[in-house]
Amino acid sequence: MIARAPRSPLALLLLAILTAAALAFAQAPEPPKSAATPTASASASASASASASASASAKPPAPPSAPAHYTSGLAPLPNDQRIPAALLPPGSFDPDTGPSTTVFPAQQTTLRFNHRWHVSDPNGPKLKCTGCHKAVPTSQSVRDNLIPSGEVCDTCHMTDHSNADKVTAGDDEPGQCVFCHNEYKPGDGNLVARFETPRANMVFNHAKHLARNIGCPQCHGDVAQLELATRDQLPRMRGCFNCHQNTNSSARGMAKSDCLTCHIATEATQTGSFGGAGRIRTVFASGEMLPPRWLRDSAHGPDWIERHKTVAGNDSQFCANCHKEDFCTDCHDGRVRPRSIHPSDYISMHPIDARQESTKCGSCHREQSFCLQCHQRLGITMTGPTDVRESGRFHPPKEIWSDPPRKPGHHSFEAERNLNACVSCHVERDCVVCHGAAGIGGGFNPHRASFMAGCSTQFRRNPRPCFVCHEPMDRDLVQCR
């Protein structure tokens with residue numbers, strides 16, 4: 001065991017002091033976290049001062065399109081709710097997609113206005129439509145500007161719009177520019193967002209309608225129950241038909257059903273050239289005007305190529321309002337046409353249709369250039385030699401077609417019934433070969449038994465047809481001189 005040297009009293013005293021100091025520091029409480037040092041406080045104070053200085057030098061934020069407390073007149077209904085069908089113009093669907101964008105181009109409405117408050121609200125001024133839209137009762141054209149001018153508003157809002165370059169605002173809030181003009185900001189002066197209402201691509205006379213006691217809701221719906229009136233309140237074509245195609249003539253009155261009553265005519269119609277009478281203009285800068293599906297099922301959709309024959313067949317004059325005849329013949333001209341016009345086996349069936357409805361065939365095909373050439377090319381002759389095969393004969397067999405006695409199916413009956421069908425293939429010389437007098441033809445007399453009794457009258461009227469078959473000195477012709 002190793003013996004340790006004894007410590008001196010001074011060393012023991014020094015060790016005790018150091019131990020006590022260590023214990024004191026170990027048990028001392030930490031300063032609270034919220035307490036800042038003098039250096040930290042000075043830094044925070046400097047930072048707050050700098051922030052305040054920056055805020056003072058920055059521009060104020062731009063105000064919204066309308067002050068926050070302007071909540072009405074920004075949409076047809078508060079919070080831009082869906083307009084009920086009962087408030088839309090007559091003829092609207094439910095749900096409704098709005099009026100035609102071609103007839104009524106898109107608008108840019110930059111005003112805040114509450115129709116309901118102005119017209120029907122018990123606390124409002126209860127104005128009439130014509131109280132603001134003063135030009136409507138005398139308007140006869142869609143070119144007229146029917147939107148109220150700023151001077152109409154001056155009476156109530158205490159503003160002055162007499163000079164558009166120096167508009168004077170009113171003293172109270174309703175007279176301030178931002179009260180009505182969206183997107184207006186302080187400092188804009190007389191500059192406001194442009195308000196655009198392109199004229200409609202149609203014909204309309206407000207004065208005539210008002211004179212017949214037709215109220216505004218009959219075309220525009222119940223605007224008095226809406227706030228902001230948009231293009232959704234413009235007329236629907238189905239609503240116009242309530243008068244213009246009313247089956248009761250007394251109810252229809254003077255409302256004509258002709259398309260040009262409301263639609264713009266083409267230049268050809270206006271000048272009377274190119275056979276364009278009755279045709280309407282369909283192409284505008286805003287788009288192409290096409291008929292809707294509800295109008296005689298005539299929507300020009302993807303299936304129109306298959307359906308148009310039914311619509312055109314029921315009423316071709318309906319199609320003629322927009323299309324000239326050459327529009328149809330571009331396809332139905334007998335040369336270039338859709339293959340689906342006739343069924344696949346029509347080559348064997350067409351003789352029946354050609355005999356029963358030759359006029360219908362002639363609407364597309366020309367007999368001399370289409371029918372005749374095809375028959376000659378295929379060896380289907382007109383009368384043909386005696387040894388021609390029956391499959392190549394166009395007319396019935398000889399014993400029916402030309403041999404006596406005359407009976408149903410004889411060519412003389414067919415010629416009397418429809419001579420145009422004969423001349424589509426034959427020229428006059430073909431007849432004279434058999435029916436000419438001696439020396440010109442075979443001598444078969446085409447005249448009836450009683451013809452000689454009145455032949456002198458026929459000869460005096462026009463002798464030229466007689467000389468086709470007779471020589472001038474023919475003894476039979478002498479009897480008619």
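The following paragraphs lead through a predicted model of a protein chain, from its overall make-up to its cysteines and two further sites.

The chain has 481 residues, and 22% of them count as buried. Its secondary structure consists of 24 helices and two strands. The accessible surface amounts to about 33,900 Å², and carbon and sulfur atoms contribute 58% of that area. Among the contacts with a separation of 6 or more, 54% are between residues 24 or more positions apart.

The cysteines may be considered next. A disulfide is a covalent bond between the sulfur atoms of two cysteines. How many disulfides does the chain hold? The count is one disulfide, and the bond joins Cys-455 to Cys-480, with a distance of 2.0 Å from S to S. The pair connects distant parts of the chain, 25 residues apart: Cys-455 belongs to helix 22 (residues 455-461), while Cys-480 lies in the segment after helix 24 (475-478). The angle about the S-S bond is -100 degrees, and the link is left-handed. Cys-455 is buried, because its relative accessible area is 3%, under the limit of 20%. Cys-480 has a relative accessibility of 6% and therefore counts as buried.

Why does Cys-153 form no bond with Cys-180? The sulfur of Cys-180 is the closest cysteine sulfur to that of Cys-153, but the distance is 6.3 Å, which is too far for a bond; a disulfide requires sulfur atoms within 2.5 Å. Cys-153 is partly exposed, because its relative accessibility is 32%. For Cys-243, the closest cysteine sulfur is in Cys-219, at 7.7 Å, and this distance is likewise too far for a bond. Cys-243 also counts as partly exposed, at 28% relative accessibility.

Cys-219 appears again in the surroundings of Gln-233. Gln-233 is located in the loop between helix 8 (217-220) and helix 9 (237-244). Is this residue buried or exposed? Gln-233 counts as buried, because its relative accessibility is 4%. Its side chain reaches the backbone oxygen of His-220 at 2.7 Å. Beyond its neighbours within four places in sequence, Gln-233 has contacts that include Ile-83, Leu-87, Leu-88, Pro-89, Cys-219 and Val-223.

The last site is on the surface. Phe-93, Met-237 and Trp-294 form a nonpolar patch there, and together they have about 250 Å² of accessible area. Of these residues, Trp-294 lies in the loop between strand 2 (287-288) and helix 12 (304-314). With a relative accessibility of 32%, Trp-294 counts as partly exposed.

Definitions and conventions: Residues numbered from 1 in each chain as written. Predicted model: local features only at pLDDT ≥ 70, side-chain atom pairs only at ≥ 80, totals over all residues. Heavy atoms only, no water. Helix = DSSP H or I, 4+ residues; strand = E, 2+ residues; numbered from the N terminus. Buried < 20%, exposed > 50% of the residue type's maximum accessible area, 1.4 Å probe, protein only. Polar contact = N/O pair within 3.5 Å; in protein donor to acceptor, adjacent residues only side chain to side chain. Contact = heavy atoms within 4.5 Å. Patch = residues over 30% accessible without salt bridge, like charges linked within 9 Å, V, L, I, M, F, W, Y side chains within 5 Å. Areas by Shrake-Rupley, 256 points an atom, 1.4 Å probe, with all protein chains shown as cover. Salt bridge = Lys/Arg side-chain N within 4 Å of Asp/Glu carboxyl O.
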